[in-house]
Amino acid sequence: MTDRGHSGNPLWIAYEILAMVVGLGVLALICLGWLPFALIFKPLLPQAWGQPIGRGFISNGFRFYLRILEIFCACRFDLQELDKLRDSGPLIVAANHPSLLDAVMIVSRLPNAVCVMKASLMDNLLFGAAARLARYIRNDAPLEMILNSRQALQDGARLVIFPEGTRTGNFPLDPCTPSTGLVANRAKVPVQTVLIEFSTPYLGKAWPLFRRPTLPLSCRVRLGRRFDPPTNVQAFTTEIEAYFRSELGQTVAAPIPVSA
């Protein structure tokens with residue numbers, strides 16, 4: 001999918017560096033621009049007002065950001081299938097996690113999405129205030145994470161979670177954790193799988209933040225199988241991992257033993 005004709009061209013390399021600076025810089029500016037409002041709104045507004053404002057800004061801000069990447073940074077995002085989930089009601093959106101852009105792409109199409117996030121990102125200066133206003137969910141306390149996720153789903157949100165728990169280290173998929181199954185089991189909500197495919201491993205776990213991208217970059221996000229709420233979490237974790245591996249092109253690895 002990537003055009004290799006520009007490889008080694010000094011002007012193209014310079015453009016890739018410029019595109020990296022533009023991409024990271026615009027994201028930082030969006031976050032910094034919203035930061036004072038998020039800090040003020042969180043204590044002042046009741047959750048019934050602040051939460052939709054916070055989620056709406058993040059979704060629209062990410063959508064604007066991806067458009068900037070398309071116009072100026074030789075990126076193409078095929079995200080139309082995600083639009084089918086906008087009015088689907090409570091749903092767990094479970095995706096593979098090849099890149100830092102994964103949550104950005106999904107949330108850009110789902111205004112009432114709530115993400116399960118690393119605690120370090122929730123405490124981050126750039127992202128933390130906006131995430132807290134939107135009532136995103138920390139992942140550092142498992143029981144609290146499950147209970148907060150269940151509440152968000154009961155309130156009608158689309159819960160975005162990455163079953164691998166972190167960005168993929170061994171492509172196409174790392175072993176899945178039981179978190180997705182535990183949340184689905186407690187909330188009695190179906191799990192919609194989402195398959196993310198990139199033309200390059202840009203911003204993957206092994207790709208340093210300030211390493212220039214290989215452009216052009218193409219990404220396709222497609223909807224996969226929808227799983228019913230599981231009764232057996234261990235069996236579900238094995239099944240969903242097998243499904244991701246079959247769709248992404250790898251045989252199933254040994255399952256992780258977990259408690260139902």
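**View 1. Strand 5 of the predicted model, residues 158-161, has buried side chains on both faces.** Arg 158 and Val 160 point one way, while Leu 159 and Ile 161 point the other way, and all are buried. Buried here means under 20% relative accessible area, exposed means over 50%, and partly exposed lies in between, with a 1.4 Å probe and protein chains only. Strands (E, at least two residues) and helices (H or I, at least four) are DSSP runs, numbered from the N terminus. This is a predicted model, in which local features need pLDDT of at least 70 and side-chain atom pairs count only at pLDDT 80 or more, whereas totals for chains, interfaces and linings use all residues. Residues are numbered from 1 along each chain as its sequence is written, and side-chain values use heavy atoms, with hydrogens and water left out.

**View 2. Strand 5 pairs with strand 2 and with strand 3.** Two strands pair if DSSP finds at least two bridges between them. Strand 2 (residues 91-95) runs parallel to strand 5 and is joined to strand 5 by four bridges. The pairing of strand 3 (residues 113-117) with strand 5 is also parallel, over three bridges. Arg 158 of strand 5 stands opposite Leu 91 and opposite Ala 113. Leu 159 in strand 5 is the bridge partner of Val 114.

**View 3. Strand 3 is mostly covered.** Five of its five residues are buried. Ala 113, Cys 115 and Met 117 point one way from strand 3, and Val 114 and Val 116 point the other way. Strand 3 also pairs with strand 4 (residues 137-138), in the parallel sense and over two bridges. Here Val 116 stands opposite Ile 137 of strand 4.

**View 4. Helix 7, residues 179-187, packs through its buried residues.** These residues are Thr 180, Gly 181, Val 183, Ala 184, Asn 185 and Ala 187. They pack against strand 2, helix 6 (142-154), strand 5, strand 6 (191-198) and helix 8 (233-248); contact means heavy atoms within 4.5 Å. Just after helix 7, Lys 188 takes a positive phi of about 55°.

**View 5. Glu 70 and Arg 67 form a salt bridge within helix 2.** A salt bridge is a side-chain nitrogen of Lys or Arg within 4 Å of a carboxyl oxygen of Asp or Glu. The structure holds 10 salt bridges. In this one, the N to O distance is 3.2 Å. Both residues lie in helix 2 (residues 47-72), three residues apart, which is about one turn of the helix. An α-helix has 3.6 residues a turn, so residues three or four places apart point the same way. Glu 70 is partly exposed at 27% relative accessible area, and Arg 67 is partly exposed at 48%.

**View 6. Two salt bridges involve strand 7, residues 217-227.** Arg 222 meets Glu 197 at 3.0 Å, N to O. This pair links distant parts of the chain, with Arg 222 in strand 7 and Glu 197 in strand 6, 25 residues apart. Arg 222 counts as buried at 14% relative accessibility, whereas Glu 197 is partly exposed at 24%. Arg 225 forms a salt bridge with Glu 239, and the closest N and O atoms are 3.0 Å apart. Arg 225 lies in strand 7 and Glu 239 in helix 8, so this pair ties together parts that are 14 residues apart in sequence. Glu 197, Arg 220, Arg 222 and Glu 247 are linked in a network of salt bridges.

**View 7. Asp 102, in helix 3 (residues 102-109), is buried without a salt bridge.** The nearest side chain of opposite charge is Arg 167, 7.3 Å away; Lys and Arg count as positive and Asp and Glu as negative, while His and the chain ends are not counted. Leaving aside neighbours within four places in sequence, Asp 102 is in contact with Asn 96, His 97, Phe 162, Ile 196 and Phe 198.

**View 8. The largest pocket has a volume of about 1200 Å³.** On a 1 Å grid over the protein atoms alone, a pocket is an open set of points where a 1.4 Å probe fits, with protein on both sides within 12 Å along at least five of seven lines; lining residues have an atom within 4 Å of a point. Grid points are joined across faces, edges and corners, and the volume is the space filled by probe spheres set on the points. Of the 45 lining residues, Leu 100, Ala 103, Met 117, Leu 121 and Phe 127 lie nearest the centre of the pocket. Helix 1 gives the most to the lining, with six residues.
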